[in-house]
Amino acid sequence: MSATRTATSQTFTDAVALSECEAEVFDRAFTATTQPCPWPKAYGGDMVAQALVAAALTVTDGKQMHSMHSYFMRPVDIGAEVRYEVEVLRDGRGYSTRQVRGFQNGKPVYVCLASFAAGEPSGSFQATAPADVPGPDDLPTSAAYLEGRTGGTMTETSKAYWSSGRSFDMRHVPGPVYLTVEGEQSPHQAIWVKPYDALRPVEGLTEAQRDTAALAYVCDYTILEPALRVLGLAWADEGLVTASLDHAMWFHRPVSMGDWLLYAQEAMSVEDGRGSAVGRFFDTGGTLVATVVQEGMLRAGSGR
């Protein structure tokens, strides 16, 4: 993976291009391929977004996903097919529920429950976006931050991946945690997120479904970073091992992935080798579009 590769969002749209296959366990089944990354196993956001799409393809009455709750059960091979079996648990007038189970190498690797809602009139309230956050144009890109830097376990391949290989431009406040913890050793951080280029159409998905899947895809890259930050840990630290354990996401309002989103994050707890964090996505007008809660495994090197 070259450090000068062209930054493109196609990695994401390739990840969520599913093909229907014969169901072996539940009612419907689809296959998808995990995308390249420089780590031993596939990126967890692949599974979240692919399962979201698999579930959405079985809901044909216009309901929109409002929540999904996931468990990552086993490491998943990179560049290999995952078969997503979808169980139609319920189709009601207001809500529909699906179970999705991912299989690879004959074993379950991922499972989630997803709920879809028709929507109805109601009152309205939302959390407030954080104030005084620098805008994305005032912050360096990951590529600009990493240019000329070396250290820790970072290789040219991982540097290229962080710089331009993840489909989305991500700009950190107060600063990245790639090589060192830039800024305060605080449980808070924020990241501006935007696709590198306009998202391509995905066969079988509406634009709204694709953009919802994009939000689910990108959220997993950085949600554990507040837990790393508060511990003073960086991704390139020798001996650091992380893994997503479980994940919950609520989609509050329609989202457009054509502009910047502010991903405000906060670590909630670090204990017993696990870190938990909450993240909220706001559009540039301050509208809350989604909330994420995730717990992951954190194993620091022996020197920590």
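A disulfide here is a pair of cysteine sulfur atoms within 2.5 Å. Keep that cut-off in mind for the first close-up; every view below comes from a predicted model.

**View 1. Cysteines without partners.** By that cut-off, the structure holds zero disulfides. As a reminder, a disulfide is a covalent bond between the sulfur atoms of two cysteines. Take Cys-21: the closest cysteine sulfur belongs to Cys-112 and sits 16 Å away, so the two are too far apart for a bond. Cys-21 is partly exposed, at 26% relative accessible area. Cys-37 tells a similar story with another neighbour, since the closest cysteine sulfur, in Cys-219, is 16 Å off and too far for a bond. Unlike a residue in the partly exposed class, Cys-37 counts as buried, with a relative accessible area of 10%.

**View 2. Gln-265 and its polar partners.** Gln-265 is part of strand β10, which runs over residues 261–271. With a relative accessible area of 3%, Gln-265 is buried. Which side chains make polar contacts with Gln-265? One is Gln-189, at 2.7 Å, and another is Thr-222, at 2.9 Å. Leaving out residues up to four places away in sequence, Gln-265 also touches several others, including Pro-187, His-188, Ile-191, Ile-223, Pro-226, Val-278 and Gly-279.

**View 3. Aromatic pairs, starting with Trp-39 and Tyr-161.** The structure holds 13 aromatic pairs. In one of them, the ring centres of Trp-39 and Tyr-161 are 6.0 Å apart and the planes meet at 90°, so this pair is edge-to-face. It ties together distant parts of the chain, 122 residues apart: Trp-39 sits in the loop between β2 (28–33) and α2 (44–56), while Tyr-161 belongs to helix α4 (residues 156–164). Trp-39 is partly exposed at 36% relative accessible area, whereas Tyr-161 is buried at 4%. For a tilted example, look at Tyr-145 and Tyr-178: their ring centres are 6.2 Å apart and their planes are at 45°, so the pair lands in that class. This pair, too, links distant parts of the chain, with Tyr-145 in helix α3 (residues 142–146) and Tyr-178 in the loop between β7 (168–173) and β8 (188–195), 33 residues apart. Tyr-145 is buried, with 8% relative accessible area, and Tyr-178 is buried with 0%.

**View 4. The aromatic cluster and two arginines.** The four rings of the previous view belong to one aromatic cluster, made up of Phe-12, Trp-39, Tyr-43, Tyr-145, Tyr-161, Trp-162, Phe-168, Tyr-178, Tyr-217 and Tyr-221. Two of these rings have an arginine over the face. Arg-149 lies over Tyr-145, at 4.0 Å from the ring centre. Arg-166 does likewise over Tyr-221, at 5.1 Å from the ring centre.

**View 5. Helix α4 under cover.** How many of the nine residues of α4 are buried? Seven are, which leaves the helix mostly covered. The buried ones are Ser-158, Lys-159, Ala-160, Tyr-161, Trp-162, Ser-163 and Ser-164. Part of that cover comes from α3.

**View 6. Nonpolar cores.** The largest nonpolar core has 74 residues, and Met-68, Tyr-110, Leu-215, Met-249 and Phe-281 make the most contacts inside it. Helix α2 supplies the largest share of this core, nine residues. Zoom in on Met-68: beyond residues up to four places away in sequence, it touches Val-48, Leu-52, Tyr-110, Cys-112, Leu-113, Ala-114, His-247, Ala-248, Met-249 and Phe-251. Apart from the largest core lies another one of nine residues, among them Trp-192, Trp-260, Phe-282 and Leu-288.

**View 7. Backbone oddities in the loops.** Most residues other than glycine have a negative phi, and most peptide bonds are trans. The bond from Val-173 to Pro-174 is cis, with omega near 10°, and Pro-174 is located in the loop between β7 and β8. Asn-105 isn't a glycine, yet its phi is positive, about 55°. This residue is in the loop between β5 (95–104) and β6 (107–117), and at 62% relative accessibility Asn-105 is exposed. Asp-132 has a positive phi as well, about 60°, again without being a glycine. Asp-132 sits in the loop between β6 and α3 and, at 80% relative accessibility, counts as exposed.

Technical notes: Residues numbered from 1 in each chain as written. Predicted model: local features only at pLDDT ≥ 70, side-chain atom pairs only at ≥ 80, totals over all residues. Heavy atoms only, no water. Helix = DSSP H or I, 4+ residues; strand = E, 2+ residues; numbered from the N terminus. Buried < 20%, exposed > 50% of the residue type's maximum accessible area, 1.4 Å probe, protein only. Polar contact = N/O pair within 3.5 Å; in protein donor to acceptor, adjacent residues only side chain to side chain. Contact = heavy atoms within 4.5 Å. Phe/Tyr/Trp six-rings, centres within 6.5 Å; stacked < 30°, edge-to-face > 60°. Lys NZ or Arg CZ within 6 Å of the ring centre and 35° of its normal. Core = buried A, V, L, I, M, F, W, Y, C linked by side-chain atoms within 4.5 Å.
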